[in-house]
Amino acid sequence: MMYRLRRLVRAMSLLLSLGVVALWIRSYWIEDRLGLQTYTSISAKGHPRNYDLIVQRGRMSLVLTRYEYFGYGGEPGWTWIAEPVE
């Protein structure tokens, strides 16, 4: 039983490592941006905030944007944008 668990953990670790390397290489050609837009109040009339995770040219950045007025920004939810690196 313990042998199978160790084997499974090794296999999952290998797959995760290969995935990270593949995304790192991809980042030199494609910029990936995963975003979440939320509101600060429960009533959805608060100030919008954007949380963006950006992977570009071998780097990863986490960006927080808070808008000061209510009418700016889109609907709350997730977005994913993949476009060529300039």
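The legends below accompany an overview and four close-up views of a predicted model.

**Figure 1. The whole chain, from its helix to its strands.** Let's start with the overall layout: the secondary structure comes to 1 helix and 4 strands. Along the sequence these elements follow the pattern α-β-β-β-β. Of the 86 residues of the chain, 16% count as buried. The accessible surface comes to about 7,300 Å², and carbon and sulfur atoms account for 64% of that area. Among contacts between residues at least 6 apart in sequence, 48% join residues at least 24 apart.

**Figure 2. A buried aspartate, D52, in strand β2.** Here we zoom in on D52, which sits in strand β2, residues 48-56. Which side chain of opposite charge is nearest to D52? That is R33, at 4.3 Å. D52 is buried yet has no salt bridge, because a salt bridge calls for a side-chain nitrogen of Lys or Arg within 4 Å of a carboxyl oxygen of Asp or Glu. Leaving aside neighbours within four places in sequence, the contacts of D52 are R33, L34 and G35, together with S61, L62 and V63.

**Figure 3. The backbone at R57, between β2 and β3.** R57 belongs to the loop between strand β2 and strand β3, the latter covering residues 59-66. For anyone checking torsions, phi of R57 is near 50°. This is a positive value in a residue other than glycine. Is R57 buried or partly exposed? With a relative accessible area of 43%, R57 is partly exposed.

**Figure 4. A nonpolar surface patch that includes L14.** Eight side chains are worth picking out in this view: M2, L5, L8, V9, M12, L14, L15 and L18 form a nonpolar patch on the surface. Together they have about 830 Å² of accessible area. One of them, L14, lies in helix α1, which runs over residues 2-26. L14 has 52% relative accessibility and so counts as exposed, since the cut-off for that class is over 50%.

**Figure 5. The aromatic pair of W24 and Y28.** How many aromatic pairs does the count come to? The count is 1 aromatic pair. Its partners are W24 and Y28, with 6.1 Å from centre to centre and 80° between the planes. The arrangement is edge-to-face, because planes over 60 degrees apart fall into that class. Both rings belong to residues with some surface access: W24 is partly exposed, with a relative accessible area of 47%, and Y28 is partly exposed at 42%.

Notes: Residues are numbered from 1 along each chain as its sequence is written. This is a predicted model: local features need pLDDT of at least 70, side-chain atom pairs count only at pLDDT 80 or more; totals for chains, interfaces and linings use all residues. Side-chain values use heavy atoms; hydrogens and water are left out. Helices (H or I, at least four residues) and strands (E, at least two) are DSSP runs, numbered from the N terminus. Buried means under 20% relative accessible area, exposed over 50%, partly exposed in between (1.4 Å probe, protein chains only). Lys and Arg count as positive and Asp and Glu as negative; His and the chain ends are not counted. Contact means heavy atoms within 4.5 Å. Patches are made of residues with over 30% relative accessible area and no salt bridge: like charges are joined within 9 Å, nonpolar side chains (Val, Leu, Ile, Met, Phe, Trp, Tyr) within 5 Å. Accessible areas come from the Shrake-Rupley method with a 1.4 Å probe; for residues, only the protein chains shown count as cover. Rings of Phe, Tyr and Trp (its six-membered ring) pair if their centres lie within 6.5 Å; planes under 30 degrees apart count as stacked, over 60 as edge-to-face and the rest as tilted.
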